[in-house]
Amino acid sequence: MRNGGLSMSDKYYLNTNVIHFDNLLWNIETGQVFELPLEEKLTSNEGEIITDSELLNELIEKQLIIDQKARSEEIDRGILNFPSLSLQKFNELENIDVSIVGVPYDLGCVTLPGSRYGPETMRRNSLVIHWEEVNNAVSGFYDYSLEANRINGKLIFDIGNIGTPYELNIDKENSLNSIEFFSTFLSSKDGIPIFLGGDHSITYPIVKGLKHERINIIIFDAHSDESFEVCEDINELRHNNVVTYLSSLEKVNKIYQVGLRDLHRSYQSEKVEIVKENNIKNILSTFPKNEKYYISIDVDVLDPSILPNTGSLLPVGWTDREIINVLRVLTKEMKIIGVDIVELLSDSIHDSKSGIIISNILLNLIAMVKGGMD
Ligand SMILES: [Mn+2]
């Protein structure tokens, strides 16, 4: 926050169709490009800070940014064009099928930061995949591979982010507490919560917050995310030791790791079982039924040629088709209590590909988890 600027309580947001990179604001619908004076640097996608009031008025006039009030009235399209709802309205509802929330946090990152913009990258690029015109009940989509309509009439909502990317990346402990609290809140509501990361460390406060006991976690990840550390200090939680932290939780029964291709073997908790890729169909059939499963997808499980926008690339990864097929088998008979998708980086210009691939996996997953619950 610079002197003379608007305070964070006077929040201004980029309009939904505006992308900010370098010193440019680009309206992707109209093609309009606005060049900011070099001394004016917007700091984030949320709660933008602009010091010059004339400039501020100009940006509002050009509808490049909107203020907080306008934004709260703008409740319309969430991810995949599902209805976007304020938390207050969401809280009044019952019989929800799926709730989607962004966790723009990446303080657990030891490589490239930027996954704090993952939720917005997914949201922005998801709109071309699934078009939603009905207000509350979802009209669904036709799945050619299954020759069936999916998610018709379901109550699926995007309830925004747990804090802004700015707010959530100041104090690690505070942010992790907020995530845990939010997870508890969501799991006390009906339906399956889906969390959009953020870096992989968010899986720990999420699982910790879930109101379930004896949770099994299935993690899709290129890396084992384990270390030899003793997990006492929450400030030491990072995306590369999150599995160690998860296995220290009493409520976690087993952790299945799928898609590993780390080149070194690290510490392995006895709760962790590595699912060998070539054996996956067999392993899937041996997952105990009548248990609760949480699914965590680190996008680096995908091949770098498919998804280059993540912080720790490893070659010979999965295709999106493979992951969707595996998820289909997996969700068929299992009770899924929550999902997260983490580690998507955004660099604004080149992220449309990644955003589309990830949000398509998300759409399929939403259809599947409900399919398994019906
Ligand atoms: Mn990971």
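**Exercise 1. The hairpin strands**

How many bridges join strand E2 to strand E3, and do the two strands run parallel or antiparallel?

*Solution.* The model examined here is predicted.
Step 1. Strand E2 covers residues 18-21 and strand E3 covers residues 24-27; four bridges join them, and they run antiparallel.
Step 2. Within this pair, His20 stands opposite Leu25 of E3.
Step 3. The connection is a hairpin with two residues between E2 and E3. Asp22 lies in the turn and has a positive phi of about 45 degrees.
Step 4. On to the next strand: E3 also pairs with strand E4 (residues 33-35), in the antiparallel sense and over three bridges. Leu25 stands opposite Phe34 in E4.

**Exercise 2. The open sheet**

Determine the strand order of the open sheet of eight strands and identify its edge strands.

*Solution.* Step 1. Reading across the sheet gives the order E9-E6-E10-E15-E14-E11-E12-E13, with parallel pairing.
Step 2. The edge strands are E9 (156-161) and E13 (272-275), each of which pairs on one side only.
Step 3. On average, neighbouring strands of this sheet are turned by 20 degrees against each other, direction ignored.

**Exercise 3. Strand E12 and its partners**

Describe how strand E12 is paired, how it is covered and how the chain reaches it from E11.

*Solution.* Step 1. E11 (residues 215-220) and E12 (residues 252-258) pair in the parallel sense over six bridges. Ile218 has Tyr256 in E12 as its bridge partner, and the bridge partner of Ile215 in E12 is Val252.
Step 2. The chain passes from E11 through helix H7 (residues 242-247) to E12, and this β-α-β crossover is right-handed.
Step 3. E12 and E13 pair in the parallel sense over four bridges; here Val258 has Val275 in E13 as its bridge partner.
Step 4. As for covering, five of the seven residues of E12 are buried, and the strand is mostly covered.

**Exercise 4. Helix H4 against the sheet**

Which strands does helix H4 lie across, and how many of its residues are buried?

*Solution.* Step 1. Helix H4 (residues 118-126) lies across strand E6 (98-103), E9 and strand E10 (192-197). The helix runs at about 105 degrees to E10.
Step 2. A residue is classed as buried if 20 or more other C-beta atoms lie within 10 Å of its own. By this criterion, nine of the nine residues of H4 are buried.
Step 3. The buried residues of H4 include Gly118, Glu120, Met122, Arg123 and Arg124.

**Exercise 5. The nonpolar cores**

Which residues have the most contacts inside the largest nonpolar core, and which helix gives the largest share of this core?

*Solution.* Step 1. The largest nonpolar core has 80 residues, and those with the most contacts inside it are Ile100, Val207, Ile217, Leu246, Leu362 and Ile366.
Step 2. Helix H10 (residues 352-373) supplies the largest share of this core, 10 residues.
Step 3. Leaving aside residues up to four places away in sequence, Leu362 touches Leu80, Met122 and Ile341.
Step 4. A second, separate core has seven residues, among them Leu14, Leu64, Ile65 and Ile66.

**Exercise 6. The chain as a whole**

Summarise the chain by its elements, burial and contacts.

*Solution.* Step 1. The chain has 10 helices and 15 strands.
Step 2. Of its 374 residues, 45% are buried.
Step 3. Among contacts with a separation of 6 or more, 73% are between residues 24 or more positions apart.

Note on methods
Residues numbered from 1 in each chain as written. Predicted model: local features only at pLDDT ≥ 70, side-chain atom pairs only at ≥ 80, totals over all residues. Pairing = 2+ DSSP bridges. Axes fitted to C-alpha atoms, helices over the stretch in contact; angles between N-to-C directions. Contact = placed C-beta atoms within 7 Å. Buried ≥ 20, exposed ≤ 12 C-beta atoms within 10 Å, placed from the backbone. Core = buried A, V, L, I, M, F, W, Y, C linked by C-beta atoms within 7 Å. Right-handed = clockwise from strand over helix to strand, strands pointing away.
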